[in-house]
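This note sets out some points for discussion on the structure shown below. They concern the two chains and the way they meet.

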Amino acid sequence: MIVATLLPFAIGAFTLALLLNLYRLLRGPGLADRILALDTLYINSLALLILVGIHFRTAVFFEAALVIAALGFVGTVALSKFVVRGDIVE
Amino acid sequence: MQLPLLLDLLVALLLVIGTAFALIGSWGLARLGTFFKRLHGPTKASTLGVGCVLVASMLFFTFRPGSSGVSLHELLITLFVFLTAPISAHLLVKAALVLDPGARPAPPKERGKATRA
């Protein structure tokens, strides 16, 4: 019961966090800032998906969250590697 | 439909802690001054926040009436996020140092060099 009343606020807070990340993504002075913002964005959206899953009491969002986690990490590694080496696959 | 009160409280507490940490991490990312300061927020606070939310979800789906046993999907995600967050942070710092070599701190003075040689 407490969880049910709390969940909308938690979802709202995570939405606010996503907006803050978007602000850094659009504004960030350097390339590294934008990659960091993307990294945080996918972590927060993963948590948001889990919260929505609790809210609707379904388990279908786990797989989506897992795919976001895996592909987000690959994306961060690829972008950083591109910045460091100038190429992704050498 | 309903969880026992104690479990409900525990899940709610984990949700509050996790949400607070994630929000503080994102706030730090938006607010702090330089890149290396900004890196603190997402790499520590946000990861812990997401971990708390995932543990809350694990408790919720394990103990809700009508659940079929322990829910371990979230443990998989938690483990993955906690393993990959330091790696991506390390790669990000390397990328930032390539983009701005002047940000690298000066090496410490070698005081013991004369005695070692």
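How are α2(A) and α4(B) oriented to each other, roughly parallel or roughly antiparallel?

1. The model is a predicted one. In it, the axes of α2(A) and of helix α4 of chain B, residues 73-99, come within 9 Å and cross at roughly 165°. Angles over 145 degrees count as roughly antiparallel, and α2(A) and α4(B) are therefore roughly antiparallel to each other. The crossing in which α2(A) passes α4(B) is right-handed.

2. The residues that bring these two helices together can be named. From α2(A) they are A:Leu31, A:Ala32, A:Ile35, A:Leu36, A:Asp39 and A:Ile43. Their counterparts in α4(B) are B:Val81, B:Ser88, B:Leu92, B:Ala95, B:Ala96 and B:Leu99. Ten residues of this helix-helix contact are nonpolar, one is polar and one is charged.

3. The helix pair belongs to a contact between the chains to which chain A gives 42 residues and chain B gives 40 residues. On the side of chain A that touches chain B, the elements giving two or more residues are α1 (2-27), α2 (31-56) and α3 (61-85). The largest share of that side, 16 residues, comes from α2(A). By residue class, the side of chain A that touches chain B holds 32 nonpolar, seven polar and three charged residues.

4. Chain A has three helices and zero strands, and its pattern along the sequence is α-α-α. The radius of gyration of chain A is 16 Å, well over the 12 Å that the globule rule gives for 90 residues, so chain A is more spread out than a compact globule. Its C-alpha trace spans about 50 × 30 × 15 Å along the principal axes. Of the 90 residues in chain A, 39% are buried.

5. Chain B contains five helices and zero strands, in the order α-α-α-α-α along the sequence. Its radius of gyration is 21 Å, whereas a compact globule of 117 residues would have one near 13 Å. Along the principal axes, the C-alpha trace of chain B spans about 70 × 35 × 25 Å. Buried residues account for 40% of the 117 residues in chain B.

6. A last point concerns contacts within each chain, taken between residues at least 6 apart in sequence. In chain A, 45% of such contacts join residues at least 24 apart. In chain B, the corresponding figure is 60%.

Conventions: Residues numbered from 1 in each chain as written. Chains lettered and ligands numbered in written order. Predicted model: local features only at pLDDT ≥ 70, side-chain atom pairs only at ≥ 80, totals over all residues. Contact = placed C-beta atoms within 7 Å. Helix = DSSP H or I, 4+ residues; strand = E, 2+ residues; numbered from the N terminus. Nonpolar A, V, L, I, M, F, W, Y, C, P; charged D, E, K, R; others polar. Axes fitted to C-alpha atoms, helices over the stretch in contact; angles between N-to-C directions. Parallel < 35°, antiparallel > 145°, perpendicular 65-115°, else oblique. Left-handed = near helix turned anticlockwise from the far one by under 90°. Rg over C-alpha atoms; globule rule 2.2 N^0.38 Å. Buried ≥ 20, exposed ≤ 12 C-beta atoms within 10 Å, placed from the backbone.
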